[in-house]
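Let's take a walk through this one, starting at the surface and then heading inside. Have the viewer open and follow along.

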Amino acid sequence: MKRNSTLLVITLLFSLFFYTNPLLSQDSVEKQISRVLTQQQYSWNAGNIEAFMDGYKESDSLKFVSVKGVTSGFQSVLKRYLTSYSSTEKMGELAFDIIEIKILSPSYAFVIGKWQLTRSVAAGGNVGGHFTLLFEKTGLGWKIIVDHTS
């Protein structure tokens with residue numbers, strides 16, 4: 001009887017650990033990814049493209065897909081942003097609206113959302129669209145490895 005009770009307690013503690021461990025719960029993964037996007041939004045609105053790029057995996061395999069084509073590699077994506085948004089006026093104010101975060105595995109997640117840039121007419125006016133992102137869990141946290149923005 002005592003052995004069964006001990007086994008029951010160990011099983012309950014083990015189950016409790018896995019159901020409440022923030023590193024393993026889907027809710028926590030969604031919060032971690034949301035924080036990455038919130039930090040990107042904050043960095044963008046502060047005029048700091050380099051800090052905005054912290055949300056991306058620093059890798060030659062990074063892909064950015066837009067109407068202009070596919071840009072490959074972290075440095076190329078950074079250069080694209082720096083060229084396209086050469087001033088804080090052109091950057092405007094960025095807002096994200098996350099529509100869905102889907103956890104694909106312990107290492108990958110997929111995000112669908114909307115983006116909106118609010119800026120003056122002289123800076124190109126307001127623009128916006130949708131994005132899909134593929135995130136990878138890395139040693140530095142969740143990072144974007146594919147960004148398709150339209």
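Strands here are DSSP runs of E with at least two residues, numbered from the N terminus. With that in hand, find the loop between strand 3 (93-103) and strand 4 (108-118): that's where Leu 104 sits. Keep in mind that you're looking at a predicted model. Leu 104 teams up with Tyr 108 and Phe 110 in a nonpolar patch on the surface, and together the three have about 260 Å² of accessible area.

Now for helix 4, which spans residues 74-84. Its buried residues are Phe 74, Val 77, Leu 78, Arg 80 and Tyr 81. They cover an arc of only 160° around the axis, so they end up on the same side of helix 4. The general rule behind such a pattern is that an α-helix has 3.6 residues a turn, so residues three or four places apart point the same way. Swing round to the other side of helix 4 and you'll find Gln 75, Lys 79 and Thr 83 exposed.

Tyr 81 is a good place to pick up the aromatics. A search of the whole structure turns up 9 aromatic pairs. One of them joins Tyr 81 and Tyr 85, with 6.4 Å centre to centre and 35° between the planes, making the pair tilted. Are these two rings buried or exposed? The cut-off for buried is under 20% relative accessible area. Tyr 81 has 7% relative accessibility, so it counts as buried, and Tyr 85 is buried as well because its value is 17%. Zoom out a little and ring pairs link both tyrosines into a cluster with Trp 44, Phe 52, Tyr 56 and Phe 64.

How values were computed:
Residues are numbered from 1 along each chain as its sequence is written. This is a predicted model: local features need pLDDT of at least 70, side-chain atom pairs count only at pLDDT 80 or more; totals for chains, interfaces and linings use all residues. Side-chain values use heavy atoms; hydrogens and water are left out. Patches are made of residues with over 30% relative accessible area and no salt bridge: like charges are joined within 9 Å, nonpolar side chains (Val, Leu, Ile, Met, Phe, Trp, Tyr) within 5 Å. Accessible areas come from the Shrake-Rupley method with a 1.4 Å probe; for residues, only the protein chains shown count as cover. A salt bridge is a side-chain nitrogen of Lys or Arg within 4 Å of a carboxyl oxygen of Asp or Glu. Helices (H or I, at least four residues) and strands (E, at least two) are DSSP runs, numbered from the N terminus. Rings of Phe, Tyr and Trp (its six-membered ring) pair if their centres lie within 6.5 Å; planes under 30 degrees apart count as stacked, over 60 as edge-to-face and the rest as tilted. Buried means under 20% relative accessible area, exposed over 50%, partly exposed in between (1.4 Å probe, protein chains only). The arc is that of the directions from the helix axis to the C-beta atoms.
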